[in-house]
Structure formats: C-alpha cells, structure tokens
Amino acid sequence: MEQRGCVAARLRQWRWLVCMHLLLWTVASAQIRYSISEEVKEGTVVGNIAKDLGIDTKTLKHRAFRIVTGSTDSLFRVNLDDGILYVDRQLDREEICGQISACVINLKTVLETPLEIHYVSVEILDLNDHSPTFPEKETRLEIFESALPGARFQLQAAHDLDSGVHSIKQYKLSSNEHFRLEVNDRGEDGIIPILHLQKQLDRETMESHKLLLTAMDGGKPPRSAAIDILVDVLDVNDNLPVFTRDSYTAVLKENSPIGTAVLQVNATDLDLGLNGEVVYAYGSNVKEKIRNLFDVDINTGEIVVKGVIDYEEKDRYQIDIKASDKGTVPLTTDKSVIIKIVDLNDNAPEIELTSFSSAIPEDSRTGTTVALISVNDRDSGVNGKVICSIKNKVPFELITSLQDNMYSVVTKSLLDRERESHYDIAILAKDGGDPSLSSEKNIRIDVSDVNDNSPDFLVSPYTFYVPENNNPGALVFSVRASDRDLGDNALISYSIFKDEVQHNKLTSTLNIIPESGDIFALRSFDFESVKTFRFQVIARDSGSHSLSKNVTVNVFVLDKNDNPPVILHPLSSNGSAEGVEEVPRNVPAGHLVIKVRAYDADIGYNGWLLFSLQEVSDHSLFGLDRYTGRIRTLRSFTETDEAQHKLVILVKDNGNVSLSATATVVVKLVEPKEAISASDVKSAATDIGDSGVTFYLMITLASVSTLFLISIIVLIAMQCSKTTDVSSKYLPETNYDGTLCHSIQYRSGEKRYMLVGPRMSIGSTIVPGSNGNTLVVPDRRSTSAEPQTTPNPIEMNTWSYRGRPT
C-alpha cells in the first residue's frame, strides 16, 4: 500500500511538472510542445490546443479543425467543444519509439476557411516499467586449465526495453578468487560484461566453478536480473597430428562425375583416447567455391568430386586440408593438396560480332566488308583450333584476317535489293576436337535501296476515249507508274512533256496532279474541231539522282449529238427556213415539188438526218422521202383542191437524244402558163448556181468510190491468202429504223470490221479516214475465255459516210 501511495504521489508530481513545462514552453516559443508520461490511460489530458493557438473554441467546428494523421493509428484526439488534446489510447514509449533517446510525436493540425496549418510536438516521457532480462537462465563456459591469467572471456549481456537513465547501468559478479568482472561501454549498444581470469585454473583441484552475474538498471528503485555462469575446466592436449606424406598431388579430368575419388590424405596422433583420434576438414582459408567443388570425408580424409569441374575455369587447385584431434582443446596440422585438371573437348566455339553493318547499299562493289567476327574456343590445344565457314548459299564470303580467329564477311557478287531485300547469313564455327564441336550464328544484313530503277508505267502507250463537251476542270483520265525502289527513290511525280518545237496547243489545256497522275481538262473538247491528239507524260522519281520515263498518251475525242440540223434549203432572204413553191395544177402524181436540204455537223448516227412531215394541209396530196427530203405529189390536183398548201417539214438526227429543225414550205397552185414562165427563171438561176458544185461532187464521188473498191479488193485478197472465213451476214440490228441501208464486212489481221452507212443519194460523198461509222464484229471463232479487246482507232482502216447537204 505504501508503495502504491508513493507511485501516485510521484505521478502527481510528474503531471504538475508537465503543466509547468507546457506553460513555459508556450510562452517562450511559437512552436507548441507538450510532454506526457507513457502508460497514461486513454482520455488523459495533454493540453488545450485551442487556447495555446489563440483560437476561439466556437470556431473549431466551423473551421473543421482536425489532426492530420499518417499511415499509423492516431495516438491523440481533439475535443472540438473545448479544444483540449486527449490521449486516444494507452501510450507505450518502447512500442512507439523503440530505443530512441527522445520520443517526440509531431502532429499537424489543419483549420479550413481560411486554411491554416499548425504543428504540435508531444514528447512521451519514459518510465522504468521494464526489468533487465538475460536470454537464458544459465550459460556454460569451457576454459582449459592451461589458460594463463589475464585471459578475458566475453559474457552474454542483458537487455532492457527502457532507455536513457532507466537502461542497464551496471553488472555485479559473485565473489570468486579466480575471476573478476570488467565492463566494456559501447555507447548506444550499452555495456558488455567481460570475465577476466586473474588466477590460473587447476582441473584436478576443481573441475567447475559457478558464478552469479547480476544486471541492474538506473531506475529508482533499480530493477535487476541475474544469470548463472558455469565454468568447466578442460584437460590439456599436448600432441599434434602428423601427416604420413610430405606432399599430395593428384590428376583429375574435367567433367568427372560427382563422387569420383581424387586422393586420400592420412595423419596420426600419439595421444590416447579422444586426444589421439584424428578428423579431417578444410583449412580456414579455403574459399567457398572450392568447398562446392570438392568434399573431404571427415573420418577417412578421402577427397571426392562434389561439383562440376571445368578446365576452362581453372586448371589447378591447391587445397589446404586440416587434420585435428578430438581433444578438449583440439590440436591442428595443415597440409596443402594440389589437384591438376586435364582438358577435354567440352566447349563449342563461340562466335562474336566485333563490327557489324546491318544495312549495305545495293550498289556496293564486290569485296565490301559488312561485318567483322571473332571466334573463340575455351578449350586448349587441338580442341581450341577453330575453322569458320558460311553455311548457306549467299553472295557473301569469309576472308581470314591477319589476326588469329578473326574473319571478315565481304560481298562476293553484286547485290540487287529488288531481287533480294535482305540476307540471313549462317556462320558455322567448328573446332578440331574428336569428336568435333560446332556452333552457328545467324546475322541479318538488309540491302538498302539505291535509286537504280526508273519508273515503269502500267500501260504504254495509253489510249483514252473522252466524250466531247466534258466539264472544264473535271478529271478526264489518269496515268499510273510504279517504281521498284523504296522511299524517296520510289516517290513518283508526274508532269506533261512540253516540246518547244512541236508544242501541242491542247496540252496547255491539260493539268496533271504531280502526286497522283490524275489529268484534268481545263476546257471542253470539241469533236468537230479536234478528233484526236497525243502528248507525253513524264514520271520522275524523287531520288537524289532522279530517274524518269516517258509514256505516250493518245486521246480520242468521242462525238456527241451536240449540233442540231441546219436547213440549207429552202432559205428565205431573212435567213429563216421558209420558202414558196409554185406548182402547175396539171402536174401528174410523183411530181417533184421541192427538195429540202439540211446539214448536221455531227457524224455517224448523230449526223444521219431523217425527214418527216410535221404539218400538212392535205395528206393525200404530198409525200416526203424520209431519207432524201424530196417532196412529191401523191396524186393529180383537182379543181376542188385549195390553191395554197402549207407544209412543215421536221428534220431530226439519229442521236440518243435527237435534235431537230423545221422548214416551212408554202405550195401555191398556179395555171400552167404562169408556172412555166416562173419555172424557167428559177431553173436558169438554179442551173447556174448548181452546175459547178455538181461537177466537183461527181469527181469526188468517183475518186472515193474507186479508193473504196480498191480497199475492198485488197482486203478480200488478204483474207483469201489467210484462208479464213469471212462472214457475209449483216450485223443484227434489233432497233432498225430504216436508216442503215447497206453494210460491208471485212477482216484486217485478227479483227473483223463492218462499214455501215445510210442510203446514199447521187450527191452523197464517201470520206476516208473517219472511224465514226465502223463497228467491230466479234470473232465467233474465239472462245469465251479470250479477252475481247477494243480496237485502236488509229489502227483501223475505216470509211465513214458524211452526207452532202440534200
């Protein structure tokens, strides 16, 4: 009870001192620091943080006052109602700080809106709540009787969890005439007890001694612990073991199996009993690596293989073997054993790339070095001699260097990246052992590109068919080229070749995109102005020394039905298609009233004109030839027929979307005398105007007909010489409207052609050199698998019909 009262009084004194310390610390420094003893209960007051920080307790909750903790559990908490810092759980200084002399806990407090951070330090004061302890209750110490006075023996130190003044401060030893106690102070590690022999021992007088060692801390009152020390006095062994041979040497092949006996050492001891029994072990200086390779039998002294023996790693081992007796204080003798290792061919050659170029230009000359290799074989003698070669078939070879086991990989022929972009070279190294060992190394050499290939067009020459009246600025056709090179060497740009001497005006209206080869027309084409033209496109790569190639582009403009028929006759003085014809009443049926003449600038179907009566006062009187435009009477006139008839003639072409024009003819019926006088005047004027034209047309028609007949004869002769069948059948025409009145088929080489045209009048003209009316007849003898090709218009010998104005 008295002891508990003393403890309570001492705690009250500590608390008073803590409060005074806190007050003085707060006044003296802006940094808040508290102190509190360990082992206080949960809820113990540490200090009033709100007061010490000068913060009103009413604003603690409003400003979210809190302690910011780390990853460890919180040791303290703040009551937001009164601002007092409390202990949150029981404090154990040794658990929190260990053996640190000053145990200080730093707290960080936070106030919101505005943000304020304050630092609070709490020092946990140590109490003497732990007693010293020894690891064992009893320890045994063996000392030979031959030990001389002054010998020192270190004892096991005690341990105390407390620190500072409460740690271990002294040791005491029970009284004894042979021993005394010394203390070695090691600073932070504490004090270490040492047993000092002050009088020589005599085993025959006393075999053992029992001592009591006591450790005490610095507390008031001090805490202590004790341990019993038993000292055994041992007998003296005075004879050393002696080896039977002066030296030991053995020869061992590398890679010998584990357990192979190397040699056996032997030693004797003249002592009796355990002092005369000899055991064997490695010497103190034998490295761990040797201990892993060899094993020594402790009783027989036989050395056996324990690990893998490698000559290349070490060819000779010197091992210290220790022979010891079994005396209480063993006596030891050392002897060196030499083991020589014999080499075997157990290492394959090693290939190393000393210098290597992963890429080589394809235009490299023969003999260019691409790699330097070195070979090494860890074996010795013949086993280490290496021969290198290239295993696979590649345009490279090995050349021996001036240095041993050095080789150069060089080219032995020219390279072509487009044929082979890389090579995998298999290098084989083989030593001279028996059996021989070899190794292989593969190296990859990429062939870098050189601009040695000019662009190639996909088609040469190009032939394009472009309809006339195309939209200006629209894509009309494209050319494409490829380059077998890589990178910039294969980056192709296109341009149109412009010859200053023979400059085609149409090429100036074309624009080509350099990157794609797309060609745009800057204006529309007119078939009636230009039917075909050609130009050249240049494809140039982007290499440092660029290469280029030209291609000819043939362009054929296709006709469209863009020209309406033009009425040539009848034509009034003001330019309108109107006329008046006077016809006697007594003319018979079939009388030619008038011939309507018209012209169309288009060709082919687009230029074939058909005539029809769009409006007539009496259908029984007049008839119109749809091909010639001739208007004739269908019957004789009667007295009841009107004196004047209006005829509206429609002239239209045969285009897909036909265009047309109209002419108006007014037929007046007159008496025979008036008609004769008027017709004489008109016929005279007509004969004068038409005589010259008719003469030239007849000459032209005769010439063209002659050329046409000659061509047909030549074609027939060619066909007969080839003994091929020429079909004489006309092409089937499902939508025949009466305008295709005759056709001629003929063969030229492997192609069949058909010439078609409208019914020709006396004034019609055959014009050579146009392909407008020529159709290609598919050869029925060819199989369906053969591709059907479109003939090149330049290669056709064709005739087209262009009608003379009728």
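Let's start with contacts along the chain: of those with a separation of 6 or more, 65% are between residues 24 or more positions apart. Please keep in mind that this is a predicted model. The chain has 806 residues, and 40% of them count as buried. It exposes about 45800 Å², with carbon and sulfur atoms supplying 52% of that area. As for secondary structure, we have 6 helices and 54 strands.

Now, a word on confidence. The mean pLDDT of the chain is 78, and 80% of the residues reach 70 or more. Two stretches deserve a mention here. Over residues 683-690 the pLDDT is below 50, and this stretch has 1 contact in the model beyond near neighbours in sequence. For residues 1-7 the pLDDT stays under 50 as well, and the model gives them 0 contacts beyond four places in sequence. Where pLDDT is low, the predicted coordinates should not be read in detail.

On to the strands. Strands of a sheet pair through backbone hydrogen bonds, either parallel or antiparallel. One open sheet has 3 strands, in the order β2-β5-β4, and its pairing is antiparallel. Its edge strands are β2, residues 45-48, and β4, residues 76-79, each of which pairs on one side only. From one strand to the next, the twist averages 25°. If you zoom in on β4 and β5, with β5 covering residues 84-87, you'll find an antiparallel pairing over 4 bridges. To pick out one residue there, Phe76 has Val87 in β5 as its bridge partner.

Next, have a look at β31, residues 438-448. Which way does β25 run relative to β31? The two are parallel, with 3 bridges joining β31 to β25, residues 359-361. Ala359 is bridged to Asp446 in β31. With β30, residues 422-431, the pairing of β31 is antiparallel, over 9 bridges. One bridge partner to click on is Lys441 in β31, which goes with Ile427. β30 and β31 form a hairpin, and 6 residues sit between them.

Let me finish with two loop residues. The loop between β47 (630-633) and β48 (644-652) holds Asp641. Is Asp641 buried or exposed? Its relative accessible area is 10%, which is under the 20% cut-off, so Asp641 counts as buried.

What does the side chain of Asp641 make a polar contact with? The partner is the side chain of Arg635, at 3.2 Å. There is a backbone group to look at too: the nitrogen of Thr638 lies 2.9 Å from a polar atom of the Asp641 side chain. Leaving aside neighbours within four places in sequence, Asp641 is in contact with Arg585, Asp618, Leu621, Arg635, Ser636 and Leu669. So if you select Asp641 in your viewer, Arg635 will turn up both in that contact list and as the polar partner.

The other residue is Ser508, in the loop between β36 (492-497) and β37 (510-512). Why does Ser508 count as partly exposed? Because its relative accessibility is 40%, which falls between the 20% limit for buried and the 50% limit for exposed. If you'd like a distance to check, try Ser508 and Ile496: they are 12 residues apart in sequence, and C-alpha to C-alpha they are 9.1 Å apart in space.

That's my tour, thanks for listening!

Technical notes:
Residues numbered from 1 in each chain as written. Heavy atoms only, no water. Buried < 20%, exposed > 50% of the residue type's maximum accessible area, 1.4 Å probe, protein only. Polar contact = N/O pair within 3.5 Å; in protein donor to acceptor, adjacent residues only side chain to side chain. Contact = heavy atoms within 4.5 Å. pLDDT = per-residue confidence, 0-100. Areas by Shrake-Rupley, 256 points an atom, 1.4 Å probe, with all protein chains shown as cover. Pairing = 2+ DSSP bridges. Axes fitted to C-alpha atoms, helices over the stretch in contact; angles between N-to-C directions.
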